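This report addresses the contacts to nucleic acid, the relation between protein copies, and the pairing of charged side chains. The structure under discussion is shown first.

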There are 2 protein chains.
Amino acid sequence: MPTQTDAGAGRVRRPSVTDVARLAGVSVGTVSNVLNRPDRVAGATRERVLAAIEELGFVRNASARQLRSGEITTIGAVLLDIANPFFTEIARGIEDRLAVDDLTLMLASSDENPDREARYLRLFAEHGVRGLLATPSHGSIDALLAVQDKGIPVVLLDHVSPVPELGSVAVDDVTGAGLAITHLLEQGHRRIAFVNGPMTLRQCVDRRDGVVQTLTEHGLDPAEALVELGVDNLNADAGAAALDDLLDRPGPRPTAVFCVNDLTALGVLRALREHGVPVPEEMAVVGYDDVSFASMLTTPLTSVRQPMHTLGWTAADILLRSGAGEPEQVVFTPELVVRASSDPAPEARPRFGLAATRRGGRIAGWPR
Amino acid sequence: MPTQTDAGAGRVRRPSVTDVARLAGVSVGTVSNVLNRPDRVAGATRERVLAAIEELGFVRNASARQLRSGEITTIGAVLLDIANPFFTEIARGIEDRLAVDDLTLMLASSDENPDREARYLRLFAEHGVRGLLATPSHGSIDALLAVQDKGIPVVLLDHVSPVPELGSVAVDDVTGAGLAITHLLEQGHRRIAFVNGPMTLRQCVDRRDGVVQTLTEHGLDPAEALVELGVDNLNADAGAAALDDLLDRPGPRPTAVFCVNDLTALGVLRALREHGVPVPEEMAVVGYDDVSFASMLTTPLTSVRQPMHTLGWTAADILLRSGAGEPEQVVFTPELVVRASSDPAPEARPRFGLAATRRGGRIAGWPR
DNA sequence: CGCCGGGAGTTTATCGATTCAACGCCGCGC
DNA sequence: GCGCGGCGTTGAATCGATAAACTCCCGGCG
C-alpha cells in the first residue's frame with residue numbers, strides 16, 4: 001500500500017529549521033550544524049535532530065540557503081532547439097559533467113527566437129545561476145557579454161567566441177566539410193553538388209568555405225566542379241526539393257551530393273530513390289552531424305560526425321573551472337564516418353581529436 | 001563594436017534594491033513599488049527609479065523574491081531519457097504551455113536510474129518548484145506521492161496514475177497496439193510476429209495486451225497467429241537480431257511484424273533488406289511512436305503515432321490548473337499512420353482524439 | 001585557587017526583496 | 001479654521017538558513 005496523503009491535514013507551510021529545532025529541543029544553530037557540519041554536534045543531539053527532520057519531512061529551502069550563503073547549484077543552458085538530436089546529445093554531455101559536482105541543469109530552448117532567448121537570459125540571471133551555456137543566435141553575443149559583466153560566467157556552445165572574454169566550445173566545420181569533399185574526391189568524383197542552408201547561419205558559411213577551399217587545394221575550379229543548391233530549411237523535404245531541382249538541370253550531372261546536415265541528406269536519398277537513381281553507384285551522398293539514425297537507414301549514410309556529447313561535457317567543464325579566470329576556447333575536429341551511401345565497401349576509420357586549445361585573456365572583473 | 005567588459009572594475013556584489021534606492025534618492029519600498037505596482041508611484045519618481053535601475057544594471061534576485069513572497073515561477077520535469085525523441089517532443093509541449101504563464105522549465109533526465117531520479121526529486125523539492133512532472137520509473141510512485149504530500153503538485157507523464165491522488169497524462173497503449181494489429185488483419189495477414197521489450201516496462205505489457213486482445217476479438221488463436229520475440233533493449237540492433245532469429249525458425253513464416261517501437265522496427269527493416277525480403281510484399285512492418293524520421297525512410301514506416309506534444313502540453317496544463325484541487329487523469333487515444341511499409345498504396349487517415357477524462361478525488365491537504 | 005582551553009550549544013546579524021502599517025502633506029468641505 | 005480623506009512615500013518587520021560571535025561548563029595545570 002502506497003504512502004498516503006495525510007487525510008485532511010490541510011498543510012499550508014513547509015516545515016522550517018525553526019520547527020525542527022523546536023521539536024528536537026535545540027536551537028536553530030544546532031540544526032544548521034547538523035546539516036552542514038555534523039562533526040561539531042554531539043552524537044545524541046545529532047540523532048534527535050535527524051529524527052525530528054525525518055518526522056516533519058523537512059526539506060531545505062534552496063532560496064533561503066542561496067540568499068544567505070551565496071552557494072548556487074544551478075547551471076543554465078539555452079539551446080537553439082531542444083527537439084534536434086544534435087542539441088539533445090550536447091545536453092546529455094552537459095548533464096553528465098554537472099552530475100560529477102552535484103549540480104543541476106536548467107534547460108531552455110530558444111527556437112532561434114531572439115525574444116525567447118532574451119527572456120531566458122533574464123530569467124537565468126534573476127535566478128542567479130552559477131553559470132550559463134548558450135548557443136548564440138544571430139547577434140546575441142552582446143547580450144551574453146552583458147550577462148557575464150553581471151558576474152555570471154558564460155560559455156558559448158557550437159560557436160567560436162568572437163571576443164576573448166567568453167569561453168567557447170565548437171567544432172571546426174571548415175575542416176569537417178573538407179573531410180567530406182576529400183573523401184568524395186578520393187572516390188573519383190569530379191563534379192559534386194552541395195546542398196546548403198541560409199548563409200545567416202554560421203555553420204552554413206563555414207561548411208561552404210571548407211568545400212570551396214578543399215576543391216581548390218586539389219587543383220579543381222569550384223566554378224566547374226561544384227554545383228550549389230540552396231535551401232531555406234534544413235529538413236528532409238527541402239533536401240528532396242533541392243535534388244529534384246538538380247536532376248532537372250541541363251549539363252553534366254554531378255556524381256555526388258554533399259548535404260549541410262543529415263536531415264537534408266535524408267530527403268536527398270528519398271528523392272534519389274523515387275527517381276530510380278542507385279546510391280552510391282550513380283550518385284554518392286554524404287551528410288553532416290551523424291545523428292543517431294544515419295547508420296540505421298536502409299542505405300546507411302556517410303556523415304561527418306561531431307563529438308556532441310564531448311562538446312557538452314567540455315563546455316560544462318570549462319564553465320566550472322572558469323573560476324581560475326582564464327576563459328578557454330576549444331575547437332574540436334570532426335570525424336568522417338564512411339558508410340554505404342558513398343562507398344560500396346565502407347571501412348570504419350575514426351579520425352577524431354582535439355584540434356586546438358587556445359587560452360584567451362583573463363575575464364575582467366572576475367570575483368576571486 | 002560589442003559592449004565591453006568594464007575594464008578592471010572588479011565587481012564583487014550585484015546591485016540590490018538598496019543600491020537602486022540610494023541612487024534614485026528614494027526608499028527601498030518605493031523601488032519595490034516601481035517593480036511590482038508601478039501605478040502606485042508618481043510618474044517623476046518612477047522615472048528616476050527606472051533610470052537608476054538601468055544605470056546600475058540591477059537584476060532582481062529571484063531567491064530573495066521567492067523567499068519573501070512565496071511566488072514561484074519554476075516547474076520541474078524528470079524525463080526517462082532526454083535523448084529520446086519521444087520525450088523531447090513532450091518537453092516541447094510542456095515548454096509551450098509554460099511559456100503562456102511566463103514560467104520556466106527545469107528539465108532533468110533520470111535515464112531510468114532510480115538514484116538519479118530520487119536525486120532530482122530532492123533537488124526540485126529544495127528549490128521549491130511550483131509543480132513537478134515526471135515519467136515514473138519502476139516503483140517510484142511512492143516517492144512522488146511523498147513529494148506531493150509536501151505541497152508540490154505532481155502529474156505523471158506517459159503513465160496512468162494507480163492512485164487517485166496524482167494527476168496523470170497517458171496514451172492508451174492497449175488500443176494503440178490494437179490499431180496496428182487490426183490494420184494488419186485488414187491487409188490479410190493471419191500470422192504476425194511481435195517484437196516486444198522487457199515486461200518490466202508498462203508500455204510493453206500494455207501493448208502486448210492489446211495485441212492478444214485484438215487477435216482474440218477477430219476469432220484468431222494467439223497461440224497460432226502470434227509469434228512472440230523478446231528483446232532486452234529497445235534499439236535497432238536488438239530489432240535486427242530478433243528478425244534474424246525469426247527467419248531461422250522452422251514452420252510457417254509470418255507475413256507481418258509489429259514492433260514495440262520505431263527503433264526496433266528500424267532494425268527489423270534493415271535485417272529484412274539484408275535477407276532480401278521485400279517490404280511490404282513478403283513482410284509488412286509496423287512500428288510504434290511515429291518518431292520524426294519514420295516518414296523519411298526509403299521505405300516509409302507505418303507507425304502508431306502518439307500525440308507527444310499534446311501529451312506534454314496537457315500535463316503542464318493539468319498541473320497549472322491543479323490549484324482547484326481536482327487532479328485530472330487524462331488518457332489519449334493514439335492514431336495509426338499508414339505508410340508504405342505495410343501498404344503499397346497508403347492513404348492518410350487520421351483517427352485522433354481524447355478517449356476519456358476521468359476526474360479523481362480532490363487532493364487531500366491542498367492549500368486553498 | 002585561579003586561570004586557560006576547548007567542546008557543545010545558543011544568539012543574533014545577515015542576505016535582498018516584499019509588504020504593510022504609519023506618516024506627512026495637500027486640498028476640500030463645512 | 002479645523003478636520004478628514006487619500007495619495008505618495010517611508011521604515012521596519014519578515015521570509016528561512018547560515019555563520020560568526022558568544023555563553024556555559026568542565027577538566028587540567030601552574
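A polar contact is a pair of N or O atoms within 3.5 Å. The model to which this criterion is applied here is predicted. In it, a backbone N or O atom of B:Asn61 lies 3.5 Å from a phosphate oxygen of DNA strand C. The side chain of B:Arg37 also approaches the strand, with one of its N or O atoms 3.0 Å from a phosphate oxygen of DNA strand C. A base is contacted by B:Ala64, whose polar backbone atom is 3.4 Å from a base nitrogen of DNA strand C.

The surroundings of DNA strand C comprise 26 residues, and the closest are A:Thr30, A:Thr45, A:Arg68, B:Val17 and B:Arg65. By class, this surface has eleven nonpolar, nine polar and six charged residues. Helix H2 (28-36) and helix H4 (62-69) of chain A, and helix H2 (28-36) and helix H4 (62-69) of chain B, each supply at least two residues of it. On the DNA side, 64% of the atoms of strand C within 4 Å of the protein belong to sugar or phosphate, and the rest to bases.

How are chain A and chain B related? A rotation of 180 degrees with 0.0 Å of shift along its axis superposes chain A on chain B, with an RMSD of 0.1 Å. That is the relation of a two-fold axis. Both copies use the same surface, since 99% of the contact residues of chain A recur in chain B.

Over all chains, a search of the whole structure finds 38 salt bridges. Three of them are listed below.

| Acidic residue | Basic residue | N to O distance |
|---|---|---|
| B:Asp81 | A:Arg92 | 2.8 Å |
| A:Asp173 | A:Arg202 | 3.5 Å |
| A:Asp317 | A:Arg321 | 2.9 Å |

The pair of B:Asp81 and A:Arg92 crosses between chains, from the loop between strand S1 (74-79) and helix H5 (85-100) of chain B to helix H5 (residues 85-100) of chain A. B:Asp81 is partly exposed at 24% relative accessibility, whereas A:Arg92 is buried at 17%.

A:Asp173 lies in helix H8 (residues 173-186) of chain A and A:Arg202 in helix H9 (residues 202-217) of chain A, so their salt bridge ties together parts that are 29 residues apart in sequence. A:Asp173 is buried, with 1% relative accessibility, and A:Arg202 is buried, with a relative accessible area of 19%.

A:Asp317 is buried at 13% relative accessible area, while A:Arg321 is partly exposed at 41%. These two residues belong to a network of salt bridges that also links A:Arg97, A:Asp101 and A:Glu328.

Key
Residues are numbered from 1 along each chain as its sequence is written. Chains are lettered from A and ligands numbered from 1 in the order in which they are written. This is a predicted model: local features need pLDDT of at least 70, side-chain atom pairs count only at pLDDT 80 or more; totals for chains, interfaces and linings use all residues. Side-chain values use heavy atoms; hydrogens and water are left out. A residue is near a molecule or strand if one of its heavy atoms lies within 4 Å of it. A polar contact is a pair of N or O atoms within 3.5 Å; within protein, one must be able to donate a hydrogen and the other to accept it, and residues adjacent in sequence count only if both atoms are side-chain atoms. Helices (H or I, at least four residues) and strands (E, at least two) are DSSP runs, numbered from the N terminus. Ala, Val, Leu, Ile, Met, Phe, Trp, Tyr, Cys and Pro count as nonpolar, Asp, Glu, Lys and Arg as charged, and the others, Gly among them, as polar. Copies are superposed by least squares on the C-alpha atoms of residues with pLDDT of at least 70 in both. Contact means heavy atoms within 4.5 Å. A salt bridge is a side-chain nitrogen of Lys or Arg within 4 Å of a carboxyl oxygen of Asp or Glu. Buried means under 20% relative accessible area, exposed over 50%, partly exposed in between (1.4 Å probe, protein chains only).
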